[in-house]
Amino acid sequence: MKKSIGISPNIETLFGTRDENVRVLEDGLNVNIDLRSNSIELEGAPRDVARAEQVFADYEGLQRSGFSFNNGDLNSMLRVLISDPTATLRGLADAGRQRSLGRRMVQPKSLNQRRYLEAIEQHDMVFGVGPAGTGKTYLAVAMAIAALLAKRVNRIILARPAVEAGERLGFLPGTLQDKIDPYLRPLYDALYDMLDPEKVDRYLEKNVIEIAPIAFMRGRTLNDSFVILDEAQNTTSEQMKMFVTRLGFNSKAVITGDITQIDLPNARRSGLLEAIDVLRKVEGLAFVHFDESDVVRHHLVQRIIRAYDERKAQVAEQQMLLLSGGKSSETNTPEANGADAPDRPAEK
């Protein structure tokens, strides 16, 4: 099927740098897009052509309404749209508007990120599990700030286990806050990226935003709060149970972690691993799992994560071969095969 659509003003901006967005649409929707002097030619299956036509129509409508795409948002939206047949460009843009934080507009850059944001909106407790750079913490902090600014909660509490990542930091001078701040720096970075520094400082001073090690959560009931536990893979089983039972009325909790980066002395005692197993079937909870395709950092990060995963699989395969080889050597003895054992000299 071929379809010709008219060219609207500035439609070339949809094509992206070196037509990268056109290639995304062509590969994802299985259509051929050809820009003519006075029209755009779409060719493919009727359903695919209709979806591509809808993208152009939505883009034209968003432009007319004054919507602007920033920092590769359009390319990210198109990739989400391709991954989810029910998504539309206008729907994704409107969802981003609803999550606008003033300085930033929170826009999912992958299908799993979209599921993550929707899960946070629809559930009171969400676990985001996946590798570094997938936006687990950043998006959770963004949703917390959006809830605070909309006055759906009265405060934000950000917690993190104070676990040294294979290093011995020794004595740190200063107040208690000075000692724990290095562990919590990523949370500060996310806050300052989304809000004006003066507003962040004011919220911290008034305890509207509280950042603390998870040990400070014990014995508390957190009402009207948006609570985030970052680096949850480094919590113990006892700490995780303590944290998930702090939730009070009109509160949300988001737990994020990467089970491939456990810094505990005994990795098998990770509270996150246990929670994934124990709480899987609890009604009202949501688990969102990310993979390397969701990484939104430098493109090398995706390749690095994939290389480590492949190496881990190779080591596991080698260990299985060694174990199976050891068993086979033990079971190939004459006694194990039912044969008579060789004659032994009689004892004197």
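In the predicted model, the protein chain comprises 11 helices and 9 strands. Of its 348 residues, 42% are buried. The surface exposed by the chain amounts to about 19800 Å², and carbon and sulfur atoms account for 49% of that area. When contacts between residues at least 6 apart in sequence are considered, 70% of them connect residues at least 24 apart.

The confidence of the prediction varies along the chain. The mean pLDDT of the protein chain is 81, and 82% of the residues reach a score of at least 70. Among the elements, strand 4 (residues 125-129) has the highest mean pLDDT, at 96, whereas the lowest, 72, belongs to helix 11 (residues 299-331). Two stretches with a pLDDT below 50 deserve mention. One covers residues 165-169; beyond near neighbours in sequence, this stretch makes 3 contacts in the model. The other covers residues 328-341, for which 7 contacts beyond near neighbours in sequence are found in the model.

An open sheet is formed by 3 strands in the order 1-3-2, with antiparallel pairing. Strand 1 (2-6) and strand 2 (31-35) occupy the edges; each has a single partner strand, and one side of each is therefore left without a neighbour in the sheet. On average, neighbouring strands of this sheet are turned by 20° against each other, direction ignored. Strand 1 and strand 3 (residues 39-44) run antiparallel and are joined by 5 bridges. Within this pairing, Lys2 lies opposite Glu43 of strand 3. Helix 2 (residues 46-64) packs on the sheet and touches strand 1, strand 2 and strand 3. The direction of helix 2 makes about 150° with that of strand 3.

A parallel pairing is found elsewhere in the chain, where strand 5 (residues 155-160) and strand 6 are connected over 5 bridges. In this arrangement, Ala159 has Ala212 of strand 6 as its bridge partner. Strand 6 (residues 209-213) is mostly covered, with 5 of its 5 residues buried. The cover extends to both faces of strand 6: Ile209, Ile211 and Pro213 are buried on one side, and Glu210 and Ala212 are buried on the other. Ala212 thus appears both as the bridge partner of Ala159 and among the buried residues of strand 6.

Methods. Residues numbered from 1 in each chain as written. Predicted model: local features only at pLDDT ≥ 70, side-chain atom pairs only at ≥ 80, totals over all residues. Heavy atoms only, no water. Pairing = 2+ DSSP bridges. Helix = DSSP H or I, 4+ residues; strand = E, 2+ residues; numbered from the N terminus. Axes fitted to C-alpha atoms, helices over the stretch in contact; angles between N-to-C directions. Contact = heavy atoms within 4.5 Å. pLDDT = per-residue confidence, 0-100. Buried < 20%, exposed > 50% of the residue type's maximum accessible area, 1.4 Å probe, protein only. Areas by Shrake-Rupley, 256 points an atom, 1.4 Å probe, with all protein chains shown as cover.
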